[in-house]
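I opened my notebook to look through this model one piece at a time. Come along and read over my shoulder.

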Amino acid sequence: MSNDQQQNQDLGQDHDQDQDQDDSRSFDPRTFEPKWREYWHEQGLDRTPENPSNKFYMLEMFAYPSGDIHMGHFRNYTIGDVVARYQKMLGKDVLHPFGWDAFGLPAENAAIKHGIQPGEWTLSNIEKSRSSLQQMGISYDWDRELVTCREDYYKHTQWMFLLLYERGLAYRRNAEVNWCPIDQTVLANEHVVGGCCWRHPDTPVEKRTLEQWFFRITDYADRLLDNLDQLDQWPEGTVKQQRSWIGRSEGAEIDYRLEGLAESDTLTVFTTRPDTLWGATFLVLAPEHPLTARLTTDSQREEVEAYVAQARSKTEIERMDATRDKDGVFSGSYAKHPVTGEAVPIWVADYVLAGYGTGSIMGVPAHDQRDFEFARKYDLEVRVVVQPEGARLDGATLDEAAPGTGKLVASPPFDGTEVPQGIPDVIRYLEEQGVGRGKIQYRLRDWLISRQRYWGCPIPMIHCDQCGVVPVPLDQLPVELPKNVENFVPSGRSPLEDVKEFFEVECPQCGGAAHRDADTMDTFVDSSWYHLRFLDPHNTEEPFDRAEAAKWLPVDYYIGGDEHATGHLLYFRFFTQVLHDAGWLDIEEPVVRLFHHGMVMDDKGEVMSKSKGNVVAPAELFARDGVDIPRLAMLFFAPSADEILWNEKGIDGVRRFVQRLWSLFEETVADARYAAAGEVRPDALSAEAKEGRRLLHWAVERTETSLEGDLNFNTAIAAFMEMMNALRKVGAPATWSDDDFPVLAEAVKMTSRAMAPLAPHLSEEIWHRAGGAESVFIAGWPTVDPEALKRDEVEIPVQFNGKLRVRLHLSPKATREEMEIAALADVRVQEILDGQEPKRVIVVPGRLVNLVV
C-alpha cells in the first residue's frame, strides 16, 4: 500500500471518529443515480457537438471484451470521465467516445474452450461490458461506439493496409519468428517471457522461418524519433522508452576480410566507435548470422551448433539484459584486421543480435564493458587505445572497461587525436582506404503483422501464379471474415486456408485461379487508427471525413497503461504520420497529452487480470453502494498514476464521508434561511465560519489544480473532507448565525459543482435539491475567491544567523515588538537558544525575524 493510500484511508477514518450521532440518517444513492443517468441521456449531455468552436477530444484506450468490466477498467475509465466532465463544465465542446478492441487471441481461445464461435463470445461480452459502463454513468457518446470485428470497421482497416501497400510501406518476406506451439501462431518479442509463451508459461517458444507481411515502420524512424521532442506533455518515461526502442546510432560499417575464404569474402561490422578500431581484438557474430555456419570449423562445429540451438530459445529482451553473464563459443575462424593486418578471432555470442546493425560486432574490451566481461571470461587480449587525461592505463590490469574519452593511442596515424574528434576523422580514413563507410543504424525493426489465426482482420491480398501478389480492388472491400467456421482450431497454418469459399478466388487482374492471403492482421493494426474512426464512425465510403479530422484532431487527452509504450503508442504515431503524408491529416502526432494510470492490484499485490482469475467486478459494489461511492473511493485511494491495492474496507470511510456531506447539505437546504441566503459578507463572519469558507475555496482550488495537472484526486477529496469537518465544527446548520449561514449556502452550491466530475450522480442530486434548474454540468465550474483563501494570520519565518529554523503564524498587523516577543516566547525558539540570549534581533514587519546568536 502506498503512503498516499495509507494516509488517505487514515484521514477518512480520523474524520469518521469525530462526528455527531445524527450521521446515521438514511442515505441511499441507488434511489436517485438511475434517474440522473436517464436525465443526462434525455438532455443529450454526452452527445458530441457537430461544429465545435472550442473542442476537447478526450480518449481512453479502448477495452478488449474478454469478460465484464473489472476494477482496472473502472479506474481507467473513471479518470477519463472526470477529465471529460470537467472540460464540459469549462464550456468546452467535448468528444468522448468508446469502442471495443474485439479481434484477437483471447476470444478465439475462449471460443475453442467453450465450443462456440469467437464472434458470439466477443459480442456477448461487449453487451455485458457496455451495460456495466452505462451503469457507471461514464459520459461516453455511445452513438460513436466502435467494434473492430464488425465489417463496417475492418473494411477500413483493410483500406489502411492497401494505402500502406500502395505507398511501398507493406511488403512480404521470409523471417525467423517466435512461434507458440500451443496457440500455433507468431508471437511478438514482447510476448515471450523467459523463453516461453506469455499465455502458456510452461511452453518453450520455438523459432520458425515463415513468409510474413511487414509494415515498413523503419522508413519513419527518424521522424518518429525527432517528433518526440514535440511531445512535451507525454510522460518522460514513455518518451525515453520510445527513444531507446527506435535506437538511432551513428557510426561506421567496417569490412574485415575473412581468412581462408575467397578474396572477396568479407565480414562487415557496425560500430558507434570507429575511433577504437585499433583496440578491436576479437569479432562476434550473432548466432543467427548467415556466415555463422560457414565460418565454423569442423573441430568447433558440434559446440557451435549446440550453442546456436540454445540461443534460439532466448528472447531478444533476455539476450540484451546487461546484467546477465555473457557467454559465447569460438568459431575456429579468423578475419584480417582492416588497418593492422592482424588475425582476429571470430566468436559466436548471443549478446549480439542479428537484426541490429550487421549482426556482427568488433570487440573492443578496453573501452566497452560488455566486451570487457566477455574478454576476461575467455582470456582475450584487452588493448587500450584511448588514454584519459593524466592516466596511464594498462589493459592487463584493468578491472573494468575504461571511459572512452581522452586521446587516441596505439592508433597510427591518429595518436594524440582527441575523442570525439577522432570519430569523423577515422570514418574519412576508412572511406579513403576502401574498408569502411559512415552509417546510421536503428534498433527499430519493421512491424511484423501476419498472424496464423482465424479471429482477426483478413489481409486484403490475392496470390496468383500468373500475376503474383495482387491487392484486392477497393470496391471489393471488405474482404469478409467467414462466419460459423467449423474448425478454427490452430494447426500451424491459418484455418482460413481450409475455408474453400473464402480461400479460392479469381485473380482481379487476369481472371485466373488464385487464392486469398489466409493470414489475419495483428490486432495492433486495428488500434492504430481507431482514434480517427471515432471522428466519423458512420461513414460507409471512407475511414473518416477529412473535414471532421480537421475539426477534432489532435486528441487532447489520452489515458491508458504504460505497458503500451513501445507497441500501440508507437504504432498509432506511425499510422498518423503515414496518413499525414498521404494528405488525409493535417497533423503528424495524434495526441497532445498522454497520461498513464496506475494498475489496480489485489490484496496480494498482483495486478488484477481475468487471466489470473483475481478480478473484482464493480457491479457487486454498485449493487450495495451505488456508483459514486466506489468511484470516489477509487479516486481517493492514491494518486491516479500510482498503483493501488484494492481494499473494500477503504470504501467504508468514503461512504461515511458522503453520508455526512449529504446530511450537512440536506439540513442546510431544508433551513428556512436557505432560499433567502444572500452573498457572503466576509467582515461579518465568525472566525470558525471564515476558516470553513477558506477551506471550501481551497478545496475547489485544489480540485482545479488536480484536474489541470497531476490528476491526484485523492488530495482534492481529502480537501473536501477537511472543509466538511470545519463546517460541522461550527455546529448543525440550524445553530449557525444569520451572518454565518450564507457560507453554508455557498458551500452547497460550490461543492456540488466542484465535486461533479468526481461524483456526478451525487452532485447532480444535491445541485437540483439546492435549486439548480439545469444540469450541474451546464452550470459551469465554480470561481474561487482569492480573498477567501487568505488566512487571518501570515506565516513568519524565524531565522537563526540567516538560516530558517521555525515558522510562526501571526497577525499581518503585528508590530515589531509583538513579532519579537512572539518569536522569543515560542517553545521551539527557546529550545534552540538553550538559555542563550541572542546578540541581536532583526525584525522585518510582516516578513521575518532573524536572531543573531
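I began by fixing a word: contact means heavy atoms within 4.5 Å. This is a predicted model, where local features need pLDDT of at least 70 and side-chain atom pairs count only at pLDDT 80 or more, while totals for chains, interfaces and linings use all residues. Residues are numbered from 1 along each chain as its sequence is written, and side-chain values use heavy atoms, with hydrogens and water left out.

**Entry 1: Y558**

I looked up the contacts of Y558, leaving aside neighbours within four places in sequence, and found among them L59, Y530, F572 and F595. Next I checked the largest nonpolar core (buried Ala, Val, Leu, Ile, Met, Phe, Trp, Tyr and Cys residues joined through side-chain atoms within 4.5 Å; buried means under 20% relative accessible area with a 1.4 Å probe, protein chains only). This core has 184 residues, and F161, F215, Y558 and W646 touch the most other members. Helix α23 (residues 713–730) gives the most to this core, with 10 residues. I also noted a second, separate core of 25 residues, which includes W278 and L430.

**Entry 2: the sheet**

Helices (H or I, at least four residues) and strands (E, at least two) are DSSP runs, numbered from the N terminus. Two strands pair if DSSP finds at least two bridges between them. I traced an open sheet of four strands, β2-β1-β28-β29, with parallel pairing. β2 (93–95) and β29 (591–596) each have a single partner strand, so one side of each has no neighbour in the sheet. Strand β1 (residues 55–60) pairs with β2 over three bridges, and F56 stands opposite V94 there. Helix α3 (residues 71–89) packs on the sheet and touches β1, β2 and β28 (555–560).

**Entry 3: helix pairs**

Two packed helices are described by the angle between their axes and the distance between the axes. Axes are lines fitted to C-alpha atoms, for helices over the stretch in contact, and angles run from 0 to 180 degrees between N-to-C directions.

How do the axes of α22 and α23 cross? The axes of helix α22 (residues 687–708) and α23 come within 8 Å and cross at roughly 170°. The two helices are therefore roughly antiparallel (an angle over 145 degrees). Their contact includes L695 and W698 of α22, and F720 and M723 of α23.

Helix α24 (residues 741–754) packs against helix α25 (residues 760–769) at about 150°, with axes 8 Å apart. That makes this pair roughly antiparallel. Here V748, K749, S752 and R753 in α24 meet S763, I766 and W767 in α25.

Conventions. Buried < 20%, exposed > 50% of the residue type's maximum accessible area, 1.4 Å probe, protein only. Parallel < 35°, antiparallel > 145°, perpendicular 65-115°, else oblique.
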